[in-house]
Amino acid sequence: MAPDTSALEALHLTKIYKRGAEEILAVDDVSLTVRKGEFVSFVGPSGSGKTTLINILGCLDNATSGSLKIGGETVFAENKYLSESDLTKIRRQVFGYIFQKFYLVPTLTVYENVILPFAFFKKAEANADPMEILRFLGIDKRTSHRPSELSGGEMQRVAIARALVNKPEILLADEPTGNLDTKRCEEIGQVLRSLNEKEGLTVLLVTHNPALAKVAGRTITLRDGKIAQPA
Amino acid sequence: MAKKINIYQVAYKNLLRKKTRTALTILGIGLSAWVLISLLGFNRGYESALNKDIDNMGFQVLVTAKGCPYEAATLMLKGGTGLRYMKESILADILKHKEVERLTPQLMAAIFDPNKGESGRINAYLGVDPVTFPAMKSYLKFKQGGWFTDPTALEAVVGYEAAELEQREVGDKMLIPEKNIEFKVVGILARSGTADDGTIFMPLKTVQKIFDKEGLITAAGIKVNKDANMNELENKLYDLPDVQVVSMAQVKNTIMSLVSTAKVMVFSIALIAILIAMLGVINTILMSVLERYQEIGIIKSMGAMPWDVFRMIWTETVILCLLGGVIGIGIAFALSKITDILIRRLLPYAPTGSLISIDSQLGLITLGVVLGIGLLSGIYPAWRAARVRPLESIRSEGD
Ligand SMILES: Nc1ncnc2c1ncn2[C@@H]1O[C@H](COP(=O)(O)OP(=O)(O)O)[C@@H](O)[C@H]1O
Ligand SMILES: [Mg+2]
């Protein structure tokens, strides 16, 4: 596979948590490649290591062992770890994150929340178009509202807009619909799908919801920290 | 909408989240800024007020008989006894010295009046020379009337407070107890804030006669030539038999050392106020950091560097402190009169002029101190926030 078409390349990723004397093998020898523009969903029972895995893939965490390349460049390999500030730089250039909780800043308006990343990463501001993203997500009429005035589905859209404003290459979504009802859940699924199809965004989605997982082009099932082979 | 956002805006808006908490913290800072600037102003104002007062006494050196109390307050403490006398002829000896510009003789007399107050009171009379005394004390202003009509008249000029205490007006008669002598009030002085306020002045000759002290005085006030050497004059005066020389510089030193005790106390209060305000700021900011733990984590996942987060929290602290500082300094300017009164109560001796001299320079210094407090107390909370790892905060949602 040519390096310029792979978004992520993980080899033998392992993550061990130590809780006192106890060791928890949360991610167990996971190797996987995600192509640019691919939409991959991760499913599996609670505690199977989905969150741990995509946090490592998203440079929010270091693995205990294994290696990771992003866009063909080695982020870490055996015994080479990144400093917090190196991780930060990759995070802001490559990734956008959304989570189950929306973590909007209550004192800022919708628009201010969306452009908040520019407060810390000025460079991205020049060729960004926050209004277009807001229009795309159907929340362009609510720019001056406070988060508390929005519905859950709208809040998650604001969080998505905030994750996209840096023009990331990869969007990581960890249970983004965990707090939403079925209808909103479907809507968010459609939003992610069209971002992937129309904008060519690489999407990694963790979900409990099999219906939502189907939106993705590829589904990876985790069990006890390992990728389960399709039956 | 081409709106932009920066760290400082975010910091400012964070403070609006818990308005009451923010307001209380600002108030705390404001109070300590107020205390601080008032004290700095006091530190500066007191000495200059004292100097002015001493200049106002009209004389810089007082010569008295050895062991004689030299001001009314001490006399009162001694129950009106202990007066010592010098011969009037000493005046000529004093005048011989070239350092002496002017000289005024005084005779203090005290008498117990059993009919005053609950258990009687001592009345003090000060015999002064009708020519040289008013000339030396040219700053004395009359509220009513004027000086004596004749060097031997049975007349008195009454200090502001003495007149108020006795409820006297010009033209009233007053009685000297025991002596059964009546005198007439011819003048009432305006308030000067000095010992003169409580004094009853009579012509020197009159007091000498009433109290059988002809040819005697208790003190001589000397106004010294501008460029005279005070030490030299003091030494020369000590050559006179049985005198003590009190220079106002000495008096000032005594007062300043008394005041310095009060100053230490007052500065301790200021220090405590500052410490309390600092703890308040640290507490407020730390609480708001802990409350926003997850939010800060997300901000870091957006690409904020530790230093960005540090600056954001630091800015919040500095905004709090500067706002409080401005308010406190504003209050200090507005209430300097009241502060003056409060401080007067704490002091063993307070000069007449305004004790507190606050100006824009002191305002800036205070603002600088408050800013320093802000920067200092912001360090720990900001460091805590800067250290937040995005992962921890997301984890703490506990899914
Ligand atoms: N910070 C942590 N410390 C210790 N154990 C952890 C930590 N985070 C997750 N784990 C453990 O790792 C395993 C995988 O968790 P996680 O990745 O959250 O699974 P999932 O997202 O699929 O529910 C679980 O057994 C969990 O208890
Ligand atoms: Mg999870």
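The following dialogue works through several features of a predicted model.

Q: Where does ligand 1 lie with respect to the chains?
A: In this predicted model, ligand 1 is placed between chains A and B. Its surroundings comprise 13 residues, of which A:Gly47, A:Gly49, A:Lys50, A:Thr51 and A:Thr52 come nearest.

Q: Which elements of chain A supply the shell around ligand 1?
A: At least two residues of the shell come from each of β1 (6-19), β2 (22-35) and α1 (50-57) of chain A. The greatest share is that of α1(A), which gives three residues. By character, the shell around ligand 1 consists of four nonpolar, six polar and three charged residues.

Q: Which atoms of A:Gly47, A:Ser48 and A:Thr52 should one inspect beside the oxygen atoms of ligand 1?
A: The general idea is to look for pairs of N or O atoms within 3.5 Å. For A:Gly47, a backbone N or O atom lies 2.7 Å from an oxygen atom of ligand 1. For A:Ser48, a backbone N or O atom is again involved, at 3.3 Å from an oxygen atom of the ligand. For A:Thr52, an N or O atom in the side chain is 2.5 Å from an oxygen atom of ligand 1. As for cover, ligand 1 has 560 Å² of accessible area on its own, and the protein covers 76% of that area.

Q: How many residues has the largest nonpolar core, and which of them have the most contacts inside it?
A: In soluble globular proteins, nonpolar side chains tend to be buried together. Here the largest nonpolar core has 109 residues, and those with the most contacts inside it are A:Leu13, A:Phe42, A:Leu57, A:Phe95 and A:Leu116. Another core, of 50 residues, lies apart from it and includes B:Leu107, B:Leu126, B:Ala163 and B:Val185.

Q: Is A:Phe42 buried or exposed, and on what value does that rest?
A: A residue is called buried when its relative accessible area is under 20%. A:Phe42 counts as buried because its relative accessibility is 0%. This residue lies in strand β3 (residues 39-43) of chain A.

Q: Which residues does A:Phe42 touch, once those up to four places away in sequence are not counted?
A: The contacts of A:Phe42 include A:Leu32, A:Lys50, A:Leu53, A:Ile54 and A:Leu57. Also among them are A:Leu204, A:Leu205, A:Val206, A:Thr207 and A:Ile220. One of these partners, A:Leu53, is eleven residues from A:Phe42 along the chain, with 9.4 Å between the two C-alpha atoms.

Q: Why does A:Thr14 count as buried?
A: The same reading of relative accessible area, under 20%, applies to a residue with a hydroxyl or any other side chain. A:Thr14 is buried because its relative accessible area is 14%. It is found in strand β1 of chain A. The side chain of A:Thr14 reaches the backbone nitrogen of A:Asp29 at 3.4 Å. Beyond four places in sequence, A:Thr14 touches A:Leu25, A:Val27, A:Asp29, A:Ala63, A:Thr64 and A:Ser65.

Q: How many residues of helix α10 of chain B are buried?
A: An α-helix has 3.6 residues a turn, so residues three or four places apart point the same way. Helix α10 of chain B, residues 293-301, is mostly covered, with eight of its nine residues buried. The buried residues include B:Gln294, B:Glu295 and B:Lys300 as well as B:Ile296, B:Ile298 and B:Ile299. Just after α10(B), B:Gly303 takes a positive phi of about 115°.

Q: Which residues is B:Ile296 in contact with, leaving aside its neighbours within four places in sequence?
A: B:Ile296, found in helix α10 of chain B, is in contact with B:Val289, B:Val309, B:Ala385 and B:Val388. It counts as buried because its relative accessibility is 1%. B:Ile296 and B:Val309 are 13 residues apart in sequence, and their C-alpha atoms are 7.7 Å apart in space.

Q: Where do A:Cys59 and B:Gln167 lie in their chains?
A: A:Cys59 lies in the loop between α1 and β4 (65-70) of chain A, and B:Gln167 is in the loop between α6 (160-166) and β7 (173-176) of chain B. Phi is positive in each, near 60° for A:Cys59 and near 55° for B:Gln167, and neither residue is a glycine.

Q: Is each of these two residues buried or exposed?
A: A:Cys59 counts as buried because its relative accessibility is 1%. B:Gln167 counts as exposed because its relative accessibility is 67%.

Conventions: Residues numbered from 1 in each chain as written. Chains lettered and ligands numbered in written order. Predicted model: local features only at pLDDT ≥ 70, side-chain atom pairs only at ≥ 80, totals over all residues. Heavy atoms only, no water. Near = heavy atom within 4 Å. Polar contact = N/O pair within 3.5 Å; in protein donor to acceptor, adjacent residues only side chain to side chain. Areas by Shrake-Rupley, 256 points an atom, 1.4 Å probe, with all protein chains shown as cover. Helix = DSSP H or I, 4+ residues; strand = E, 2+ residues; numbered from the N terminus. Nonpolar A, V, L, I, M, F, W, Y, C, P; charged D, E, K, R; others polar. Core = buried A, V, L, I, M, F, W, Y, C linked by side-chain atoms within 4.5 Å. Buried < 20%, exposed > 50% of the residue type's maximum accessible area, 1.4 Å probe, protein only. Contact = heavy atoms within 4.5 Å.
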